[in-house]
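This briefing concerns charged side-chain contacts and cysteines in one protein chain. Please examine the sequence and the structure before reading the points below.

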Amino acid sequence: MTLFKNEFPILEFDDRKDAVINPNHEDLDLKLPRKCVYAFLSNHIDEYAANNKAIKVSEFVSATKVYPVYVIDYKGEEVAFAQAPVGSAAAAQFMDWLISYGVREIISAGSCGSLIDIDEGVFFIPTRALRDEGASYHYKAGSRFIDVDKRAISSIRSALFERGISYVETTTWTTDGFYRETKDFVKYRIEEGCQVVEMECASLAAVASFRDVIWGEILFTADTLSDPHNYDQRNWAEDSFAFALELCLDSVINIGKK
């Protein structure tokens, strides 16, 4: 166990698993299923829970909001699911908490911005993320990119194939700076191979790697930054949210199947 020091604090890293405050410090009487959908899908999580006889088994209490945690039987598999908060730090914290109570196979979904000229509602599978955020550096030593678990990618591919959905595999740009996506940065990230931008992929991949669990993500295009002179939020891909949740459920139950 080593503390790696650096001139820049963001690049310092301690590889020990134990911390002053651990994710399960509340010591709840809670055992979550192995499989989990953890998605950035607005009110669709609660709506799906209400319409499909999900059981609320717990809740994650943050300083500003309470996030319900549900369990549902989906095609004979017990699956936990919860709404993920936007932003790398908040999303990483909640997922680490879920892992501490038994989750081991996780699929996320959420919208992303397109950096290239592509339609709204196109599905992407991120295979790696450019780490332009903060939370990932507390879970994995500094590097420019982080890979997404290949087992999760394979399960997502299968789910999309089974439903006849076309998709693009890509590198994503994960950033904390929603209002700092400048014209030059967009051009630079495209040159590095990024086709989309979002705020959590790198951090969640790092948490999964550190905790030795499987995690992957389904992205779908919402707003577009492809024309740096005319930003277009379009319809925020509202029509894709409910379907993305079903894809998550299909993907997570595919993990481990041959």
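The following points treat salt bridges first and cysteines afterwards.

The model is predicted. A search of the whole structure finds 14 salt bridges, whereas the number of disulfides is 0. Three of the salt bridges are described below, followed by a network and two cysteines.

**Salt bridge between Arg-34 and Glu-105**

- Arg-34 and Glu-105 form a salt bridge in which the closest N and O atoms are 2.9 Å apart.
- This pair links distant parts of the chain, its two residues being 71 residues apart.
- Arg-34 belongs to the loop between strand 2 (13–14) and strand 3 (35–39), while Glu-105 lies in strand 7 (residues 105–114).
- Glu-105 counts as buried because its relative accessibility is 8%, and the cut-off for buried is under 20%.

**Salt bridge between Lys-75 and Asp-250**

- A salt bridge joins the side chains of Lys-75 and Asp-250, with an N to O distance of 3.1 Å.
- This pair also links distant parts of the chain, with 175 residues separating Lys-75 from Asp-250.
- Lys-75 is found in the loop between strand 5 (66–74) and strand 6 (77–83), and Asp-250 is part of helix 6 (residues 241–254).
- The two partners fall into opposite classes of accessibility: Lys-75 is exposed at 59%, whereas Asp-250 is buried at 5%.
- The reason for the label given to Lys-75 is that exposed requires a value over 50%, and Lys-75 has 59% relative accessibility.

**A network of shared partners**

- Lys-75 and Asp-250 belong to one network together with Arg-163 and Glu-246.
- The network arises from salt bridges that share partners.

**Salt bridge between Arg-151 and Asp-149**

- The side chains of Arg-151 and Asp-149 meet in a salt bridge, at 2.8 Å from N to O.
- Asp-149 has a relative accessibility of 18% and therefore counts as buried, since the cut-off is under 20%.

**Cysteines without disulfides**

- The structure holds 0 disulfides.
- Cys-36 is in no disulfide, and the cysteine sulfur nearest to its own is that of Cys-248, 9.7 Å away.
- Cys-248 is likewise in no disulfide, its nearest cysteine sulfur being that of Cys-36.
- A disulfide requires two cysteine sulfur atoms within 2.5 Å, so the 9.7 Å between Cys-36 and Cys-248 does not meet the cut-off.
- Cys-36 counts as buried, with 1% relative accessibility, and Cys-248 counts as buried at 0%.

Definitions and conventions. Residues are numbered from 1 along each chain as its sequence is written. This is a predicted model: local features need pLDDT of at least 70, side-chain atom pairs count only at pLDDT 80 or more; totals for chains, interfaces and linings use all residues. Side-chain values use heavy atoms; hydrogens and water are left out. A salt bridge is a side-chain nitrogen of Lys or Arg within 4 Å of a carboxyl oxygen of Asp or Glu. Helices (H or I, at least four residues) and strands (E, at least two) are DSSP runs, numbered from the N terminus. Buried means under 20% relative accessible area, exposed over 50%, partly exposed in between (1.4 Å probe, protein chains only).
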